[in-house]
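Let's take a look at a pair of helices and a ligand. Have the sequence and the 3D view ready.

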Amino acid sequence: MDTVYFDHAATTPVDERVLEAMTPYFTEHYGNANSPHQSGNNAKVAVEEARETIAEIIGAAPAEIIFTSGGTESDNTAIKGAVNATGKSDIITSPLEHHAVLHTAEAVKRNGVRPRYIEADSDGIIKPEQVKEAINADTALVSLMHVNNEIGTINPIKEIGEICTEYKVPFHSDTVQSVGKIPVDVDELGIDFLSISGHKIYGPKGIGVLYMRHGTPWLPWMHGGSQERRRRGGTLNVPGIIGLAKAMELVVDQMDDHRKKFEKLRSRLVNGLEEKFGDRCQINGDSEQRVPHIINISFIDPAGEGLDGEMLLLNLDVEGICVSNGSACTSGAMEPSHVLDGIGLDEKTANSSIRISLGKDNTAEEIDYFLDKIEVVVNRMMSTAEA
Ligand SMILES: *Cc1c(COP(=O)(O)O)cnc(C)c1O
């Protein structure tokens, strides 16, 4: 079997149709979208069409769409821009956010901002009442993600959005993992800022969107030319923008089919794991409020200790299977993932976890191949652990 790629929450391959849409903008319509001549105009027209496509998909106006270099830049831009504009000193977020939000919230401490973190239970879901309790007169921004990239849980964004609207606090949501997987409409969800990344939805790397609701207090931090209505300087990534719009169009069109497919593959996987390992494996995060394609699993040996997830990942890699694991190598030491730590997993259980994230082209045969291989690998590791 060729490589089995189960790491779509890390990145996805570019869809052929996306690549096809992008290619002419590298070679033929290569003009600078800001140039007043024909070549520039061709690029500009295509960019504005892409902007309209994306705006329509999320229920926004085209002028509320800013193109960025990806999810990380969009998260930074929303948080720093909102904090600088309001002069208030309080950001509400959660320890389960992506590092693009968490490390930005820590960085703005230098400007006297105080990030406050809403804790999650073992289900990994932030409750709207917690947000209500946390908001005060000094709150510049609430930033809470839609779908968690490590455990696949879905936050109740609509209810949180209603609270933010009621208290007139700007609300940012990192929707990098939810766009194309579940419906995302900025009015329906009450979102003022939203982040999208191209490469998580079969688009190119290095392109993203920041949606910003008209009238929301915000200041730019990327200064340069007059691009994006002076909100984000820099020559537009025309092929990237065309690719992102095409990718969004495709994933949203196919969303229902993909979800049905992921539910089937997930059942096959989860049933197979339960059959092979019983309660020696546990799936992390809420079992209902979740997307089907992200599955985070810890493996516990007979002595009740977590297996070494890093070793598990490497052993699967030898078999041609790509997954990700629940720990990160920070300055030479293995640190449990902040998300698994945030839902109360002890260090050993967190370090014993792997994340499987399915994509639209995965098959039942690949799940079966994975189940065969993981049985061999885990049993070998458990018997060495016993010896
Ligand atoms: C991947 C990811 C990001 C970062 O997006 P980039 O385009 O890679 O910068 C941010 N948030 C979440 C939830 C992600 O999964």
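## Two helices that meet

In this predicted model, the axes of helix α4 (residues 71-86) and helix α5 (residues 99-107) come within 9 Å and cross at roughly 35°. Axes here are lines fitted to C-alpha atoms over the stretch in contact, with angles from 0 to 180 degrees between N-to-C directions. Helices are DSSP runs of H or I with at least four residues, numbered from the N terminus.

So who's touching whom (contact means heavy atoms within 4.5 Å)? On the α4 side you'll find Thr-72, Asp-75, Asn-76, Ile-79 and Lys-80, and α5 brings Ala-100, Val-101 and Thr-104.

## Around the ligand

There are 13 residues around the ligand, and Thr-72, Asp-174, Gln-177, Ser-197 and Lys-200 come nearest; a residue counts as near if one of its heavy atoms lies within 4 Å. Helix α4 gives the most to this shell, with 3 residues.

Now for some atom pairs. A backbone N or O atom of Gly-71 sits 2.9 Å from a ligand oxygen atom. In the side chain of Gln-177, an N or O atom is 2.7 Å from an oxygen atom of the ligand, while for the side chain of Asp-174 the partner is a ligand nitrogen atom, at 2.6 Å.

## How to read this

Residues are numbered from 1 along each chain as its sequence is written. Local features need pLDDT of at least 70 and side-chain atom pairs count only at pLDDT 80 or more, while totals for chains, interfaces and linings use all residues, and side-chain values use heavy atoms, leaving out hydrogens and water.

Definitions and conventions. Helices (H or I, at least four residues) and strands (E, at least two) are DSSP runs, numbered from the N terminus. Contact means heavy atoms within 4.5 Å. A polar contact is a pair of N or O atoms within 3.5 Å; within protein, one must be able to donate a hydrogen and the other to accept it, and residues adjacent in sequence count only if both atoms are side-chain atoms.
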